[in-house]
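Here are some short notes to read alongside the model. Please keep the structure open while going through the points.

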Amino acid sequence: MAQWEMLQNLDSPFQDQLHELYSNSLLPMDVRQHLAVWIEDQNWQEAALGNDAAMANMLFFHFLDQLNSECGRCSQDPEYFLLQHNLRKFYRDIQEQREPAPEAPGESQQHELDSRILKLQAMKEKLVKSISQLKDQQDVFCFRYNIEKSVKTPSLDPRQTRRMDILQETLNELDRQRKEVLDVSKALLGQLTTLIELLLPKLEEWKVQQQKACIGAPPVGGLEQLEKWFTDGAKLLFHLRQLLKELRELSHMVSYEGDPLSKGVDLREAQVTELLQRLLHRAFVVENQPCMPQTLHRPLILKTGSKFTVRTRLLVRLQEGNESLTAEVSVDRLVGAGEGFRKFNLLTSNQKTLTPEKGQTQGLIWDFGYLTLVEQRSGGSGKGNNKGPLSVTEELHIISFTVRYTYQGLKQELTTDTLPVVIISNMNQLSIAWASVLWFNLLSSNPEDQQFFSNPPKAPWSLLGPALSWQFSSYVKRGLDSDQLGMLRDKLFGQNSRTEDASLPWVDFIKRESPPGKLPFWTWLDKILDLIHDHLKDLWKDGRIMGFVSRNQVRRLLKKTVSGTFLLRFSETLEGGITCSWVEHQDDDEVLINSVQPFTKEVLQSLPLTKIISQYQMLTEENVPENPLRFLYPRIPRDEAFGCYSQEKINPEERKKYLKHKLIFVSNRQVDELQQLPELRLEPDLESFELDLGLASEPEHTPGLDLEPLLEAGLDLSMEPVLGPTLEPILDQMSQGVLEPHLGPELQLEPVPELDLQTMPEPDLPYDLRHLNTEDMEIFRNSMRIEEIMPNGDPLLPCQNTTDEADVFSPSHFYADGPLSPSDY
């Protein structure tokens, strides 16, 4: 008011400027004068200059509430008729002139709730003021009543009659104010009920989002905002409860026939208490569902004997200053809900106490970090027993929390439950247990249905498809696109099922082999998830892996591209395998699709997929190695697509000391060779040995050439053919490339068998000493061999190190057992 008074005392020239200013302003001068005290108490400067949109919106809504309140008050006094008209007109004008910025639905609802709470706080202040005025009026009545009782004058005395009239007027005013206060409390209670009706669905929405987030959906937030709203609502209810107690005391002090407080206060207080109980019971929630530290990506699965964490929170952040709150934990508290299931006890303490100091700083949060379950022993066998019709991974157990809450004399026992958990005894049950958690939280509308798997419902693809994508987006940071989901859908329902309402039974999801004789669908998919997470996470996240694409689709995609175009897809029959398929266009316009045998985690542990692709070799018909992988589909150069993943750190000291070598995968093209050697009759073992090595050369032979004369003539079959100076080092373990007209054959990576070949022994002497006569030499009598004389091999040369020259055998699918040519990378 001080600022407005200063404006009124300005000199005449400035007064003219003031009138001109308000004549062009939306705010009328009489409204500015009437609301001067409230306007000057607000921090308009911070909202306007600080670019604080939230504060500006809050002030705007508070201003509207203030205008609405003043309009109601002016309506009771005829002297303020013109002011009431101007207030209402300004109220409409300011709402029409305001152009709200476009808001998201969540932000709009948040502003609505914030404005409601501000309005409720203003109504509460009005009620407090009305009760204060009622107390003053009641004190006046009591004073006059006591004076009238103490004065003994004749009843016909005019002064006595006047005093009685004044006393009656005072009582009438007291009755009017009591009714008004009761009406204000009723209106406040109605607004509070509306607020609670808006808050509880918000909480249920959060719980649904949390349930979906447990199975991979985007993480849920906003609990702090809910806590603020719940706390504000509870504060108003507790304050209203205290004000109603004051009204009851006033009613007890002065009571008369027809007193509105005698019955109205009790009714209002019962309604407030019921609303508070409802709010408190719903406000006790499980903020973080049970989870083991080693499987954070798969909550709601607990292992006996292993620690797990869980967090509960009371969203009403009100605690007595000297009252500690203790939460107790129990398992399967509902008797009969899990009949026939295993029983469990908590191995650690089942209580946690929250002191007032912690409650004030961190909120009413009970964080259980070291809970452990142990199975109850049955009978004298010493072991737990599962007599129910469901398997261990289909049993659903519920962990409950109970808190005895006390605040301002209101005592309540609050209880909340976790989502159903699956309790396993061995980590190899984790995958199937997660399938149960996924199925329940996707389809169940009742979080307490522990008998869900007695008759599990079918999952419609409209729900199952997004849930499968969540598994990838949450664990390996990229979900599935429509094409990948389409391939999975065809795998589950067949290509002829195109309707979105197709549903999958629970048994088909975890047990039906797809294709028959192979892996169940969920086992196959879960192994792929682990493979990506452990070895292919960056490639998958960057979109380098097409992944889920059928063989027929591979052919349709690749046949339209240039030769050497390849893509990466997951094997449909192998457990956790990824393969590479590429296209070759022949001179006769034939299109060949090749696929290498899938790489599993055992392979990728030794050699990353990026190196396999960049260094992969295939022997051409001239035994010249070349990399057939040129472009990643659709046409990204190989080095551009995978070069950033293959940067190696070179140690200069090691490079000076050793010649660098590398491990590569090599496939051998054998179709033409097998067609050109129809008459070469090798023994089966020997033929398999040479062809697996990929070194079988094409000998110059005449018709009728037989193996036995060659052996009698001492032909050395163990000698390796010379492939030319440009040949890369080839590992003994290789894969075979067999080209078929329709589907690309798999290039197998199998260990080289150790065959006992009956060939002529290789001479023990070097070539330049074979002319010597060894018959008279003692060391060659009785077929004595060099290995018997020198069991440790050749003597070391000067400066030769035994460690440097030792052959190291790798037990993986490939090994180095021969000279490796130097490499410059």
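1. Thr231 is a buried residue, because its relative accessible area is 9%, and buried means under 20%. Keep in mind that this is a predicted model.

2. Where in the chain does Thr231 sit? Thr231 belongs to helix H10, which covers residues 223-253.

3. Which residues does Thr231 touch, if neighbours within four places in sequence are left aside? Thr231 is in contact with Leu315, Val316, Arg317 and Leu318. With Arg317 there is also a polar contact: the side chain of Thr231 reaches the backbone nitrogen of Arg317 at 3.1 Å.

4. A second part to look at is an open sheet. This sheet has 4 strands in the order S6-S4-S8-S9, and the pairing is antiparallel. Strands S6 (351-354) and S9 (410-417) form the edges; each has a single partner strand, so one side of each has no neighbour in the sheet. On average, neighbouring strands of this sheet are turned by 20 degrees against each other, direction ignored.

5. How many bridges join S8 and S9? Strand S8, residues 399-407, pairs with S9 over 8 bridges, in the antiparallel sense. To find the pairing in the model, look for Tyr405, which stands opposite Gln412 in S9.

6. What lies across S8 and S9? Helix H11, made of residues 261-283, lies across both strands and runs at about 30 degrees to S9. S9 is thus a good place to end: S9 is an edge strand of the sheet, pairs with S8, and has helix H11 lying across it.

Conventions
Residues numbered from 1 in each chain as written. Predicted model: local features only at pLDDT ≥ 70, side-chain atom pairs only at ≥ 80, totals over all residues. Heavy atoms only, no water. Pairing = 2+ DSSP bridges. Helix = DSSP H or I, 4+ residues; strand = E, 2+ residues; numbered from the N terminus. Axes fitted to C-alpha atoms, helices over the stretch in contact; angles between N-to-C directions. Contact = heavy atoms within 4.5 Å. Buried < 20%, exposed > 50% of the residue type's maximum accessible area, 1.4 Å probe, protein only. Polar contact = N/O pair within 3.5 Å; in protein donor to acceptor, adjacent residues only side chain to side chain.
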